[in-house]
Amino acid sequence: MKKQLKLVALLLVVMMLVALMAGCNNNDNQESSSEPSSAVDSGDDLEGDDSNQDGDADGALTEITLPIVDETVTLKYWVIQSASNLGSSMKDYGDSEAYIELENRTNVHIEWINPVAGTEKESFNLLFSSGDMPDIIATAAPTYMYSAGPEAAVQDGYFLDVTELAKQYAPNYMALINSSEQLTKDTVTDNGIRWGFTSIYQEPRLGNWGPAIRQDFLDAVGMDMPITYDDWYEVLTAFKNELGIEAPLYIDNEGLSLYSDWLAGFGVGKAFYQVDGTVKYGPVEDGFGEYIETMSKWYAEGLIDQSFSIREPMGMPSDDMVLNDKIGAAALFATWCGNEYYPSRGAVNPDFMLVGASLPVKNEGDVTHLRAPDEWTRDTVTVVSATSEYPEIAVQWIDYQFSEEGAFLMSYGVREGESYVIDADGTPAFGPLVLNNPDGLTQSEARTLYTSFTPLHEDYNRLMKARSEVQLGAMYTWTQETSLNDWQLPLSLTMTADENKQYAVIMGDITTYVQETVVNMIMGTASVTFDEFRSQLDNMGIQDAIAIYQQAMDRYSQR
Amino acid sequence: MVMTKSKRKFNFKQNAAVYVMLIPVLAYYIIFHYAPMGGLVMAFQNYRPNLGLLGSDWVGLDNFSRFFSSIYFGRLLRNTLLISVKDILVSFPAAIIFALLLNEVRSKYFKKTVQTISYLPYFISMVVICGLVMDFTEAGGAISNVVAALGGPSDGLISNPKYFQSVFIGSNVWQNLGYSSIIYLSALSAIDQEQYESARMDGAGRFKQTIYITLPALATTITVMLLLRMGHLMTVNYQKVILLYSPATYETADVISSYVYRIGLLGQDYSYAASVDFFNSVINLSILCVANWASRKYSETSLW
Amino acid sequence: MNKRTTGEKVFAVINTILLCLLTLIFVVPILHVIFASISDPLLLSANKGLILWPLGTPTLEGYRLVFINATIIRSYLNTILYVVSATGIGVILSCFAAYALSRKNLAGSGLITFIIAFTMLFNGGLIPTYMVVRSLGMLETRWAIIIPNCVSVFNIMIMRTSFASIPDGLEEAARIDGAGHFRILFSIILPVSKAILAVVVLFYAIQHWNSWFHTAIYVTSRRELHPLQIVLREIVLQNSTSVLEVGAEPGELNLARMLVRYAVIMVSIIPMMIIYPFVQKYFVTGVMIGSIKG
């Protein structure tokens with residue numbers, strides 16, 4: 001036995017050594033590239049620059065001239081490309097005409113990396129530990145972001161600090177940023193570090209998500225559009241009892257909805273929000289308790305999808321449920337509204353009509369303060385990897401998409417009269433190839449094939465013009481005067497690396513706890529009351545998390 | 001030529017080939033099983049991938065104490081042990097009893113048929129099994145309906161924490177009963193029929209025969225199988241848990257390994273995850289050692 | 001045969017009934033899937049219970065949609081590739097190890113056996129293993145699907161037991177003739193070990209056919225490398241039917257989603273079902289031999 005022990009010890013030492021060597025290798029790979037490239041010297045850039053741009057005296061470009069490089073350069077680009085948008089005709093965005101033309105113009109070839117559906121988060125996280133980051137990455141906080149935050153991502157050597165590079169090589173983007181105080185503020189961290197290129201709409205656009213309800217069902221039970229929670233209760237009950245709808249109300253698998261649509265009427269949000277500069281956390285507020293009470297009552301009476309907790313996390317119902325009349329109401333994108341579902345999209349019911357409904361409130365006339373936001377900037381921020389061999393080229397390639405021609409190309413494609421048309425008032429719009437695709441592609445698929453599905457500098461009007469009256473009506477309903485979004489936390493709030501670490505430790509367990517307890521409370525299987533739930537959250541340190549957000553909020557206000 | 005008796009040690013030169021054969025296998029185990037053990041040091045660090053194992057700071061036992069003081073510690077440990085123990089308590093007797101019942105069947109044809117059908121579920125992959133389980137136990141699913149008719153919850157079993165463990169173990173039994181019983185059946189067929197004959201002459205009924213002849217004969221097999229099962233007491237087939245659980249059922253479904261998967265791979269919290277995993281493996285090994293020792297002491301069978 | 005007492009007769013009847021019930025329990029879920037996969041799609045969507053007969057008019061529509069789907073076909077081919085190569089490598093390595101360890105008086109065999117067996121009891125955990133795979137540069141490649149987990153201690157052990165039980169005489173004769181170890185292994189040992197070889201091949205093949213977890217964490221963005229189980233997981237468990245749209249006409253799928261789901265499940269089970277009767281006897285033998293290794 002003793003001999004065995006000695007051998008085991010020897011073995012352990014051997015393994016440690018092997019592991020350390022493995023660790024060493026990684027170290028070497030990373031060390032050479034983890035030197036912070038934040039303070040970029042403009043002189044160095046020009047020396048190593050193999051692009052052929054003209055610039056002005058101090059080296060900064062005034063525009064992107066094409067092609068960006070003489071010899072084709074290949075950049076790797078990680079971005080989520082939904083399979084349903086790609087359809088059967090495209091393998092990835094590289095098959096899109098807009099991107100093909102972009103490559104022709106810029107001479108930059110893109111190798112697309114598209115994570116597998118259902119494992120996007122894992123795939124994103126693994127980028128950081130795989131030691132091989134793509135040149136360009138489409139991030140979207142908070143889900144698709146380095147756990148310690150963007151600033152830490154820069155300091156730890158993953159994201160390239162483009163503060164200086166942008167001034168040199170991104171004239172279009174910087175002109176856009178500098179034209180507005182809000183944009184200037186919203187696109188950098190508290191310390192003024194520019195860590196990527198925020199996607200920005202050409203004009204601010206209205207929120208395009210909200211509650212939707214089947215108008216034909218309402219007609220069938222002879223009721224009006226519900227306004228208050230009590231109205232909704234009656235309507236859902238009628239749906240269930242008179243029409244036999246399986247899931248009168250569809251909610252997401254956390255028992256909430258993407259933008260707190262069902263909670264806003266109780267004066268709370270589903271997570272962190274702010275009221276006049278004071279940060280709050282929904283689940284510990286009284287309003288949340290009222291929400292839980294209402295939802296659990298509705299659930300017990302069968303008014304809510306009985307399997308909601310095992311649905312997919314994105315919060316959108318499956319086609320099967322929508323088309324087969326299994327759902328009465330849900331929170332959705334505007335594009336889901338309308339009556340073109342029968343028969344072209346496969347609905348079984350000829351009277352199918354989905355319309356937007358205003359967020360439920362306690363009393364008619366109440367004002368709500370949270371909903372899907374109007375946006376000028378998007379949550380997508382395109383970053384350049386710190387280990388990229390072609391940072392200047394990547395930046396220019398990104399910037400071209402913010403130029404007038406570049407942005408137009410990505411929003412409208414190359415085929416005048418087909419992928420886009422010019423309206424009588426001189427503004428562009430989608431053409432027949434997108435709106436009524438002869439090959440049977442859906443609008444989303446055609447949009448992906450002929451233009452960019454989500455351009456970095458999108459002309460949102462292209463979508464607005466393509467929307468039906470019902471869809472536009474939904475958007476106007478959701479953004480009416482009594483439905484504000486002034487409680488939302490600013491999108492570009494950032495925490496310091498330390499705050500992030502602390503926040504992650506506190507919220508890790510809290511998020512899980514909230515998730516499971518909310519679901520269980522709604523389903524009636526919880527072992528705690530709402531008050532016990534609240535005090536448990538306090539025990540777990542939620543107040544500290546709120547304080548961290550408060551500090552970030554204060555810093556933001558002072559930017 | 002007279003054959004020399006086998007030597008004490010091999011002549012290395014002549015038998016180098018044997019060692020050459022071993023090289024790939026050993027390399028495989030060292031690389032994929034032992035090197036990761038070395039990586040466990042990250043449990044004692046604040047591991048950052050870009051800094052590697054050498055560059056990350058050391059934090060001693062911080063990760064462990066974070067785990068022990070987490071509100072989930074007790075629950076994870078409890079779920080892990082409960083599911084495993086319940087599984088053993090149900091699956092073991094089930095397999096043995098099934099083997100015993102089968103053994104009693106006179107008709108060879110019937111016996112073979114039942115046996116063959118019982119192995120079938122074993123071949124179906126975990127993913128498909130879980131898909132079927134979801135179908136049958138969600139709200140409105142076939143099994144949920146039956147349970148609801150008997151007074152159970154009307155909104156399905158798979159999202160109900162009270163039923164998760166039963167569904168999990170039930171599906172385990174469904175899939176593995178046939179397979180597990182093979183061993184016992186073969187052991188049963190090795191029992192000397194004469195013993196039964198003499199027992200019957202002495203007037204022992206079937207039941208007594210089972211207790212005094214059959215079970216003791218199976219004892220060794222049962223003990224070994226039990227010990228082997230203990231070998232993954234703490235890992236609980238977490239892959240299946242991951243496929244079947246949801247936040248609604250974390251309360252009874254979340255086990256240590258599924259928690260590690262969530263916070264490690266999904267949450268980027270590598271050191272923490274590694275420390276939890278480390279704890280898990282150590283407990284597993286300890287339990288196995290204790291079981292082995294007990295087995296060695298009280299019966300003659302043991303794994304080592 | 002002795003005359004049976006009444007008690008025994010009653011017992012036999014009860015036993016038979018019980019076993020019949022059990023058999024039904026094993027078979028019914030599979031029948032459900034079979035019949036669901038050829039049911040009318042609309043009725044299937046609306047149905048909530050157990051399906052013991054095809055609903056409506058039987059149709060092969062689901063299968064048609066599966067076979068025109070390039071993703072599924074490709075993942076099928078991938079799976080075949082992985083199963084064949086992983087099993088091949090695993091079997092070869094296991095043979096070598098089993099042969100070596102079955103040699104009497106091999107210096108260090110105890111230690112080596114211990115090294116190998118110890119891995120069954122303790123391992124480094126998910127994250128460190130992932131790090132090793134990463135540092136080998138295997139992420140997002142086929143190697144990450146084939147190599148980790150291609151060797152199983154259990155299989156080595158049962159092979160070793162089997163090799164060890166081969167009479168010495170055979171080898172001695174060969175050695176006198178001057179055969180080296182490789183010759184002995186290939187010309188003497190393997191030919192007489194067909195049964196155990198079949199068993200080990202079978203065990204490895206099943207293991208690799210059904211594996212999904214490691215692929216899921218090592219290959220997250222190169223879909224074209226995915227085996228069938230991963231695609232199945234998307235379809236069956238995450239209800240993500242977007243994968244299914246490849247190949248189908250737009251709109252064709254909307255109503256048939258449930259149907260296709262069942263058809264895909266069937267398609268993944270059918271190979272096993274077909275091969276199963278043939279391998280069954282080996283299977284039983286294998287498990288029994290394995291139990292003796294104790």
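## A walk through the model, starting at one salt bridge

Select A:D190 and A:R555: these two form a salt bridge, with their closest N and O atoms 2.8 Å apart. Keep in mind as you go that you are looking at a predicted model.

**Stop 1: the two halves of the bridge**

Now colour chain A by domain. Domain 1 covers 55-207 + 376-459, and domain 2 covers 209-371 + 487-557. Look at the ranges and you'll see that each domain is listed as two stretches of chain A. If you mark the C-alpha centres of domain 1 and domain 2 of chain A, they sit 31 Å apart. To build the contact, domain 1 of chain A brings 13 residues and domain 2 of chain A brings 10 residues.

**Stop 2: what lies between the domains**

How much area do domain 1 and domain 2 of chain A bury between them? About 1000 Å², with 45% of it on carbon and sulfur atoms. Show A:K185, A:D186 and A:D190 as sticks next. Together they supply 44% of the area that domain 1 of chain A buries against domain 2 of chain A, more than any other three residues. You've already met A:D190, as the partner of A:R555 in the salt bridge.

How many salt bridges are counted between domain 1 and domain 2 of chain A? Just the one. Try showing polar contacts too: four residue pairs in polar contact turn up across this interface, with both residues at pLDDT 80 or more.

Switch to cartoon view and pick out α6 (150-155) and α9 (181-186) of chain A. These are the elements that give two or more residues to the side of domain 1 that touches domain 2. Of that side's elements, α6(A) gives the most, with three residues. Colour the same side by residue class, and you get four nonpolar, six polar and three charged residues.

**Stop 3: a strand in chain A**

Select A:V275, which belongs to strand β7 (residues 272-275) of chain A. Which residues does A:V275 touch, leaving out those up to four places away in sequence? The answer is A:K280 and A:W487. For a longer hop, draw a line from A:V275 to A:V470: they are 195 residues apart along the chain, and their C-alpha atoms are separated by 33 Å.

Before leaving, zoom out to see chain A as a whole. It has 22 helices and 13 strands, and 58% of its 559 residues count as buried. Among the contacts in chain A with a separation of 6 or more, 72% are between residues 24 or more positions apart.

**Stop 4: over to chains B and C**

Hide chain A and show chains B and C. Here 92 residues of chain B are in contact with 92 residues of chain C. The two chains bury about 8400 Å² between them, 76% of it on carbon and sulfur atoms. Light up B:M21, B:F32 and B:F123: in chain B these lose the most area to chain C, together 9% of what that side buries.

Next, find C:R261 and B:D135. They form a salt bridge whose closest N and O atoms are 3.2 Å apart, and one salt bridge is what turns up across the interface of chain B and chain C. Polar contacts across that interface come to 10 residue pairs, both residues at pLDDT 80 or more.

Finish on helix α1 (residues 16-39) of chain B. With 19 residues, it makes the largest share of the side of chain B that touches chain C. That side divides into 64 nonpolar, 17 polar and 11 charged residues.

Methods:
Residues numbered from 1 in each chain as written. Chains lettered and ligands numbered in written order. Predicted model: local features only at pLDDT ≥ 70, side-chain atom pairs only at ≥ 80, totals over all residues. Heavy atoms only, no water. Domains from an automatic or database assignment. Contact = heavy atoms within 4.5 Å. Buried area = accessible area lost by both parts, 1.4 Å probe. Salt bridge = Lys/Arg side-chain N within 4 Å of Asp/Glu carboxyl O. Polar contact = N/O pair within 3.5 Å; in protein donor to acceptor, adjacent residues only side chain to side chain. Helix = DSSP H or I, 4+ residues; strand = E, 2+ residues; numbered from the N terminus. Nonpolar A, V, L, I, M, F, W, Y, C, P; charged D, E, K, R; others polar. Buried < 20%, exposed > 50% of the residue type's maximum accessible area, 1.4 Å probe, protein only.
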